[in-house]
Amino acid sequence: MERVLVAVDGTKGSRACVEACVHLFAGKTAPAVILLHVMQYGGPTAVDGLSNDAELAELREALEGSPQLEELKAKADAILAAPRAFLAERGFRDVRTAIKSGRAAEEILKGAAEYGAELIVIGNTRNLIAKLMLGDVAQQVANRAAVPVLLAR
């Protein structure tokens with residue numbers, strides 16, 4: 001395996017993803033890892049509540065260059081820093097980061113295709129009530145991915 005996409009969002013599920021990746025490749029040649037964070041304007045449910053891509057594009061355009069967007073980008077950079085360091089400390093030499101914005105499941109799937117990932121690692125730590133009320137990104141990715149998906153707890 002040459003390329004793995006690891007979805008991170010700063011939660012304990014993100015830590016589980018990175019640890020799973022380390023365990024999976026222990027004693028083997030480490031693949032290139034793409035750490036992907038999806039920024040969600042207004043929180044996880046706000047972007048999913050937009051009815052179409054035109055509304056999402058309009059929101060992106062309205063935020064472009066705004067202090068709020070710069071704050072989201074800084075937060076995204078901070079979220080990516082710890083997993084990147086964790087992987088580097090454990091011998092992963094080719095670790096890249098990517099920041100996307102939009103619907104998390106869609107952007108993870110697009111990112112996997114764009115970067116040629118052969119595996120997607122995503123956290124699966126939300127409780128059943130949260131999954132039922134808000135939907136589940138991990139489930140959407142697992143159901144729609146063209147490559148294997150490892151759900152990490």
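pLDDT is the predictor's confidence in each residue, on a scale from 0 to 100. The structure shown here is a predicted model, so that score is a sensible place to start. Across the elements of the chain, the mean pLDDT peaks at 98 in strand β1 (residues 3-7) and bottoms out at 49 in helix α2 (residues 44-48). For the chain as a whole the average is 85, with 76% of the residues scoring at least 70. Where pLDDT is low, the predicted coordinates are not meant to be read in detail.

As for the overall layout, the chain has seven helices and five strands. Read from the N terminus, these elements come in the order β-α-β-α-α-α-β-α-β-α-α-β. The chain runs to 153 residues, and 41% of them are buried. Among contacts with a separation of 6 or more, 76% are made by residues 24 or more positions apart.

Helix packing comes next. Two packed helices are described by the angle between their axes and the distance between the axes. For α1 and helix α4 (residues 67-89), the angle is about 15° and the axes are 10 Å apart. Angles under 35 degrees count as roughly parallel, so α1 is roughly parallel to α4. The crossing of this pair is right-handed. On the α1 side, the residues that meet α4 are R15, V18, E19 and V22, and their partners in α4 are P83, F86 and L87.

A second pair is formed by α5 and helix α7 (residues 137-144), whose axes come within 9 Å and cross at roughly 40°. With that angle, α5 is oblique to α7. Here, too, the crossing is right-handed. From α5, the residues A104, A105, E106, I108 and L109 take part, and they meet V137, Q140, V141 and R144 in α7. The buried residues of α5 are A104, A105, E107, I108, L109, G111 and A112. Just past the end of α5, G116 takes a positive phi of about 70°.

Charged side chains add another layer to the picture. Side chains of opposite charge can pair when their charged atoms come close. The count for this model comes to five salt bridges, and a few of them are worth a look. One joins R15 and E19, with 2.8 Å from N to O. These two residues sit four residues apart in helix α1 (residues 12-24), which means they are separated by about one helical turn. An α-helix has 3.6 residues a turn, so residues three or four places apart point the same way. R15 has a relative accessibility of 45% and counts as partly exposed; E19, at 29%, is also partly exposed. R15 and E19 are also among the α1 residues that meet α4.

Helix α5 contributes to two further salt bridges. In one, the side chains of K110 and E107 meet at 3.6 Å, N to O. Both residues lie in α5, three residues apart, or about one turn of the helix. K110 is partly exposed at 47% relative accessibility, whereas E107 is buried, at 8%. In the other, E114 pairs with K100 at 2.6 Å, N to O. This pair links distant parts of the chain, since E114 is in helix α5 (residues 104-114) and K100 is in strand β3 (residues 95-101), 14 residues apart. E114 is partly exposed, with a relative accessible area of 49%, while K100 counts as buried at 17%.

Finally, the loop between α1 and β2 (32-39) is home to F25. Is this residue buried or exposed? Buried means under 20% relative accessible area, and F25 comes in at 9%, so F25 counts as buried. Setting aside neighbours within four places in sequence, F25 is in contact with M1, V4, P31 and F92. F92 is 67 residues away from F25 along the chain, yet the C-alpha atoms of the two are separated by 9.6 Å.

Note on methods:
Residues numbered from 1 in each chain as written. Predicted model: local features only at pLDDT ≥ 70, side-chain atom pairs only at ≥ 80, totals over all residues. Heavy atoms only, no water. Salt bridge = Lys/Arg side-chain N within 4 Å of Asp/Glu carboxyl O. Buried < 20%, exposed > 50% of the residue type's maximum accessible area, 1.4 Å probe, protein only. Axes fitted to C-alpha atoms, helices over the stretch in contact; angles between N-to-C directions. Parallel < 35°, antiparallel > 145°, perpendicular 65-115°, else oblique. Left-handed = near helix turned anticlockwise from the far one by under 90°. Contact = heavy atoms within 4.5 Å.
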